[in-house]
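Hello,

Here is the structure for you to look through. My notes on it follow below.

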Amino acid sequence: MRIPFVGPGAEPSAGSVTGSGRRTRRTRSTALAVVTVLSLAPIAACGGSGGSSGNGKTLEMWTFKQSHVAGLRNAAAAFKKQTGITVKITAYGPDDAYTTKVQAAAKTHDLPDVLEVHSDGEDLALGSTGIAKDISQDVDSSWNGLYQKGVQASGTVTPEMYKESLPADSKDHGVKKGQRFSVPFTSGTFGIVMGNKKVLAAAGITKPPATYEEWLADLKATTAKNPTTGGVSLGLKVKATGMTWTMQPLAFSLLGKDKYHALFGQNASEDFSSADGQKVLSEYAKLQPYWMPGTQILDIDTADQAFAQGKSAWDIGGTFTLAFLQQNGMNPDDVMAFGIPGPAGGAVPKPALGPLALTGLTVTSTSSHSANAEKWMKFLSQPSIASKFAKDATEVPATELGADAAQVMGPTLADMTRTFVGTPENTYDPSDSSFRPPGYDQDSMSEILADLTPLHQKSVAATGKAMAKLNNSFWKLAK
Amino acid sequence: MTTAPRPALSAETAAPGGGPRDPRPGAGPAARAARLRPRRRGYEAVSGWLFVAPAVVLFAVMGLYTVGYGFLLSFAQWNGFAAHWTWVGIQNYKDLLWADPRYAPRVQHAALHTLYVMLAVPALTVLVSFPLAVLLNSARRMQTLLRSVYFVPYVTSGIAVFFAWQYILQPDGAINTLLKSVGMGSLSQPQGWLGNPHTALPTMIVVTVWGAVPVAMLMYLTGLQSIDRSVLEAAQLDGAGWWRTNFSVVWPLVRPITAIVVLLNLRDSLQGFQTFLVMTNGGPGDHTNVLGLEAYRLAFLMDLDPTLGLASALGWLLFAAALVIALINLRVLRSRT
């Protein structure tokens with residue numbers, strides 16, 4: 001390549017503007033223009049498109065639940081008929097990818113109008129960073145009264161949540177008491193065991209176990225019948241599932257509420273290294289022979305898929321799992337569902353699993369149609385729409401459906417919701433974290449627990465000691 | 001593009017006809033050319049700057065700005081969205097190295113795993129790729145085909161291949177099935193090769209080596225083909241056999257290539273994490289967590305926790321380690337070549 005402004009011999013004399021001279025100058029100007037545009041391109045690329053789409057007649061909503069898409073689209077069709085407003089539903093998954101997508105969109109000002117979020121965690125974090133709009137003034141009692149009593153405060157900065165947000169390294173740091181960043185959409189709980197009725201029947205199991213010991217006996221029967229496919233799957237690649245979905249409900253029913261809380265306290269005679277802690281870990285370790293081979297390297301979805309594909313006879317999940325199983329070709333009627341049963345000699349032999357809001361709906365602060373977005377969210381909370389969604393998505397809606405709930409949700413989902421019923425004393429509340437040290441990191445605790453089972457790397461005593469040590473260091477750090 | 005210096009534009013050479021025709025000052029072509037000279041130089045300068053501007057802007061934005069930004073961030077607490085950074089000084093570095101029980105033990109475990117990977121991957125890559133290159137170099141038939149076959153892992157490396165490896169390594173995957181079918185079932189892994197904490201990291205090392213061998217082999221092959229044949233013939237005339245020739249003549253001659261292969265693989269082992277992210281996400285437990293993966297987790301997988309500063313600090317610690325390794329390697333290269 002030769003640059004156009006070479007030696008004087010090749011240049012026409014100044015003043016005599018020839019045709020080729022004009023061409024050269026034009027070429028140069030064009031080249032300069034192109035180069036200028038190119039040089040500005042990276043800067044221009046840093047800008048965003050700004051704000052959400054449409055003219056107010058079109059809303060955009062993102063969800064991380066593929067299983068919610070069909071139900072939401074059906075609801076959107078009804079919403080359009082009623083209001084003339086179109087809602088475009090898009091799913092991004094899995095959860096990590098969704099979180100990254102939302103964060104990236106927030107940076108480039110490409111957020112949709114409405115986001116489905118994990119309740120009482122992600123919504124507050126989005127609120128503290130200014131991504132989610134504070135809707136506390138807009139959600140009045142007539143709207144909030146549509147939800148089940150236990151989840152009506154979901155998305156709100158309660159005094160307890162405000163206290164947790166005060167440390168500078170809290171993800172919710174900056175929220176104010178009384179602000180609200182989401183309304184509940186689906187509810188449910190973790191620690192639900194699902195069994196494949198056909199496989200169970202082949203092993204002589206026809207009814208849910210009444211105690212933890214009975215469940216272990218059932219597990220023994222199914223693994224004896226099918227050593228490789230008779231076990232229990234759980235997405236342990238997501239580190240906290242073993243701890244929060246299995247060990248904690250078990251610990252609650254074995255020790256009762258106060259002693260369970262004390263496991264996470266500062267008293268060495270009551271923490272995981274204590275006799276109580278050892279008892280809990282010993283019970284949990286009894287699952288060791290019954291894990292599905294390789295469950296420790298499966299994430300939640302792949303573990304559920306393994307169950308749906310018949311690679312395991314049992315699966316531990318939550319009320320939300322049924323929708324995913326159905327999506328993967330399993331008939332909900334083929335599933336036997338029950339909450340993790342308590343040990344016979346435990347303090348709470350028949351524990352209830354407290355429901356909590358699982359997902360919520362958030363209006364983004366960049367939405368230029370927030371009034372319509374809230375109209376859509378309120379529309380979804382209407383009992384008739386929520387019932388239809390529950391059927392379409394096989395989910396427990398946050399809306400109070402009244403006496404018809406069991407009929408609307410089908411027998412398996414209704415079985416799951418039966419685990420919600422209990423008294424304050426016998427109900428395990430997965431959303432209560434008031435007894436844990438500030439800065440508590442469940443992933444680090446779960447990694448230690450994984451070494452007990454299914455990895456079988458540490459003894460009960462060593463696991464208890466390591467968990468107590470880490471828990472104490474959280475307390476020390478908080479001082 | 002020519003880069004030869006242009007001759008200075010003089011009045012004589014610039015004027016057509018070789019000399020000034022108009023005696024009036026400032027009226028002749030030479031004077032006009034002299035007047036236009038600064039303007040043209042200005043154009044040239046502007047054009048030149050605009051031509052290099054895209055590269056300069058890209059370097060400034062993607063290089064200087066991000067490096068400086070990242071360095072400052074390593075002294076702050078921020079989640080990527082809050083309006084303000086909270087300056088914490090060197091606390092992030094202290095938290096990562098010893099002070100915070102949420103991060104320090106994880107970083108220490110990850111550092112140990114990274115060290116294993118850094119020792120094993122370069123060594124195994126050299127051990128596999130050098131003999132492979134020697135064999136390929138001596139192949140008389142189908143050399144091109146074989147070279148392409150051995151290069152396949154490099155051109156196909158990516159997410160899909162890592163997923164394929166995952167399936168192969170599962171409890172009911174191809175490796176266990178193969179072992180059982182040849183009567184070596186006792187060697188199979190009932191929990192899968194990635195599910196057993198004792199085999200997970202070695203398996204990840206093997207997969208990493210599998211991806212690293214093609215480039216190393218190609219580099220060795222280039223080195224082998226540039227060796228003067230007379231040197232090898234002289235060794236053979238002196239009675240050296242195939243082993244002796246390769247061990248005592250060829251191996252020392254390709255030592256600079258070995259140094260490069262080792263350096264590249266050390267760097268990849270220190271900073272690379274994609275394979276680990278896709279295949280194990282640090283599990284089972286944290287038995288395959290490596291420093292690059294931990295930095296990624298702190299940056300992007302903490303659900304808006306203000307840990308971007310910690311991720312940045314870990315990145316700078318990795319940079320420091322890489323710098324030390326590069327300097328050691330440079331020293332070794334200088335003393336041996």
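A cavity is a set of points, on a 1 Å grid over the protein atoms alone, where a 1.4 Å probe fits but cannot get out, and its lining residues have an atom within 4 Å of a point. Grid points are joined across faces, edges and corners, and a volume is the space filled by probe spheres set on the points.

This is a predicted model: local features need pLDDT of at least 70, side-chain atom pairs count only at pLDDT 80 or more, and totals for chains, interfaces and linings use all residues. Residues are numbered from 1 along each chain as its sequence is written, chains are lettered from A in the order in which they are written, and side-chain values use heavy atoms, with hydrogens and water left out.

The whole structure has five cavities of 30 Å³ or more. The largest cavity holds about 70 Å³ of space. Its lining includes Leu236(A), Lys239(A), Pro284(B) and Gly285(B).

Next, helix H6 (residues 159-169) of chain B; helices are DSSP runs (H or I, at least four residues), numbered from the N terminus. Val161(B), Phe162(B), Trp165(B), Gln166(B) and Leu169(B) are buried there (under 20% relative accessible area with a 1.4 Å probe, protein chains only; exposed is over 50%). These residues lie on the same side of H6(B), because they cover an arc of only 150 degrees around the axis, taken from the directions from the helix axis to the C-beta atoms. The face turned away from that buried side carries the exposed residues Ala160(B) and Tyr167(B).

Regards

Terms used
On a 1 Å grid over the protein atoms alone, a cavity is a set of points where a 1.4 Å probe fits but cannot get out, and a pocket is an open set with protein on both sides within 12 Å along at least five of seven lines; lining residues have an atom within 4 Å of a point. Helices (H or I, at least four residues) and strands (E, at least two) are DSSP runs, numbered from the N terminus.
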